[in-house]
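I opened this notebook to keep track of what I looked up, one topic at a time, for a reader who has not met the structure before.

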Amino acid sequence: MPVPTEMFRAGGADAAASPRRIAHIDVLRGMAVFGILLVNVWSFVWGFGALRYGAIAEPSWLDRGVVFAVALLAEQKFYPIFAFLFGAGFALQARSLRRRLRDQGQVHAALRYRFRWLLGCGVLHGLLLWAGDILTVYGAAGFLLLRLFDARLRRVRASLRNWCLIWLAVLAASVALSVPSIDQDADDARQEQAIAYIEDAQEARAIYAEGTAGDIAAQRLPDYLAVTSGSLLLVPHLMVLFLLGICSVRMGWLTAPQRHALLWRRVRNAGLLIGLPLNLAWAAAAATGAANPLAAPAWGELAYALLPLGGSLLAAAYVAALLLARGALMRRASAWLAPVGRMSLTNYLMQSLLGVCLLQGTALGSQASPAGLMLFALAIMMLQALASRWWLSRHAQGPMERLAARGRPRA
């Protein structure tokens, strides 16, 4: 799942030297970094097949509850937040670069460099470390934003409207293809498909959790190509979220949320009212399918087809709830999540490194239950929260953020 590089932050790579940061953006990013780990941790063991939560042998009620909770609260909730922040960071960075560089050609070159860097980082990450990389498609899709770096708000809104129509058409097609048939032949086909899914999941686990380094590397390449090509279908959705992020900065929704409290309350309420039922349906199907894929409900594919909509709505509710938070709650969130968000790229890549080193090709990965995977994810969160605070008490940027900034074009 997606995490932005330094350019996703307010002011981009130069923000570390700025006397003013937008704290709640860092908090949102830190929350998303941790949320995405709850989803990604499964694929270190089970690969990238249709049974994303694996095929659990004799699952306990705790294991079922863990799958249900992750599917309900995390799956497809945090990449929308990252994409939204990507667009917001693009708008903030373009504004900062226009003030600093003045020449539009230089601004365009600086933005183009950062997208190339992100794309290259994603390719290396996917080929050498973890096949579930999303930086590749973020970097590639980001080039579609370049023509909007100095566009009027009216043009941005028109582009948002057009991409919304494309995304809704893709979503409608996906839903239409997922409507279950009720005849006996369709039931038999679903059973055969479920058996194939189980075999695929077990084969992936045997390679990733118990295989040699060579076995894992050989499997990683086709998986990375499959994940990346499949992610191309996300581009319309990503563009909608990117453009919403740009509008949120242009309109002040994100940069001055206290002035738009009524808007954010409406977003929170609508996100919960519509998003929760859609996500509950998918969570029930996912928990049933993980416990017994042969008993997965026929409507599970339809619930999954609607998840991009339901997940985005619940993600919007998360963002709104955080932006409306005040007092001690926000102070605690800022203290622990903002440092994680300031080092988002470093923490994202470190999660992959730890997952690969500790779960793949080891007894830990081959024996990990759903509850065990969640404990592993929580341990990484605690480690990264402490490490990020320690690092930023001594450095202005995370190590990967500094590397990303080192080669950027100068004024």
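The entries below cover a helix pair, a nonpolar core and a few single residues.

**Entry 1, a helix pair.** I kept in mind from the start that this is a predicted model. I first looked up how helix 1 (residues 23-40) lies against helix 17 (residues 370-392), and found that they pack at an angle of about 155 degrees, with their axes 9 Å apart. Because angles over 145 degrees count as roughly antiparallel, helix 1 is roughly antiparallel to helix 17. I also noted that the crossing of these two helices is right-handed.

Which residues make the contact? From helix 1 I listed V33, F34, L37 and L38, while helix 17 brings M374, A377, I380, M381, Q384 and A385. Sorted by class, the contact of helix 1 with helix 17 has 9 nonpolar residues and 1 polar residue, with no charged residues.

**Entry 2, the nonpolar core.** I then turned to the largest nonpolar core, which has 119 residues, and wrote down that W42, I81, Y138 and F242 are those with the most contacts inside it. Helix 4 (residues 79-101) gives the largest share of this core, with 14 residues. As background I noted that nonpolar side chains tend to be buried together in soluble globular proteins.

I followed I81 further and, leaving aside its neighbours within four places in sequence, found it in contact with L28, M31, A32, A315, Y318 and V319.

**Entry 3, V175.** I located V175 in helix 7 (residues 153-178). Its C-alpha atom is separated by 8.6 Å from that of A303, although V175 and A303 are 128 residues apart along the chain. Not counting residues up to four places away in sequence, V175 touches L302, A305 and L306.

**Entry 4, Q360 and L353.** Is Q360 buried or exposed? I found Q360 in the loop between helix 15 and helix 16 (363-367), and it counts as buried because its relative accessible area is 7%, where buried means under 20%. With its neighbours within four places in sequence left aside, the contacts of Q360 are F44, Y208, A209, I216 and G355.

L353 is found in helix 15 (residues 344-359), and with a relative accessible area of 36% I recorded L353 as partly exposed. I also looked up L353 against A69: the two are 284 residues apart in sequence, and their C-alpha atoms are 25 Å apart in space.

Note on methods. Residues are numbered from 1 along each chain as its sequence is written. This is a predicted model: local features need pLDDT of at least 70, side-chain atom pairs count only at pLDDT 80 or more; totals for chains, interfaces and linings use all residues. Side-chain values use heavy atoms; hydrogens and water are left out. Axes are lines fitted to C-alpha atoms, for helices over the stretch in contact, and angles run from 0 to 180 degrees between N-to-C directions. Helices (H or I, at least four residues) and strands (E, at least two) are DSSP runs, numbered from the N terminus. Angles under 35 degrees count as roughly parallel, over 145 as roughly antiparallel, 65 to 115 as roughly perpendicular and the rest as oblique. A crossing is left-handed if the near helix is turned anticlockwise from the far one by less than a right angle, and right-handed if clockwise. Contact means heavy atoms within 4.5 Å. Ala, Val, Leu, Ile, Met, Phe, Trp, Tyr, Cys and Pro count as nonpolar, Asp, Glu, Lys and Arg as charged, and the others, Gly among them, as polar. A nonpolar core is a set of buried Ala, Val, Leu, Ile, Met, Phe, Trp, Tyr and Cys residues joined through side-chain atoms within 4.5 Å. Buried means under 20% relative accessible area, exposed over 50%, partly exposed in between (1.4 Å probe, protein chains only).
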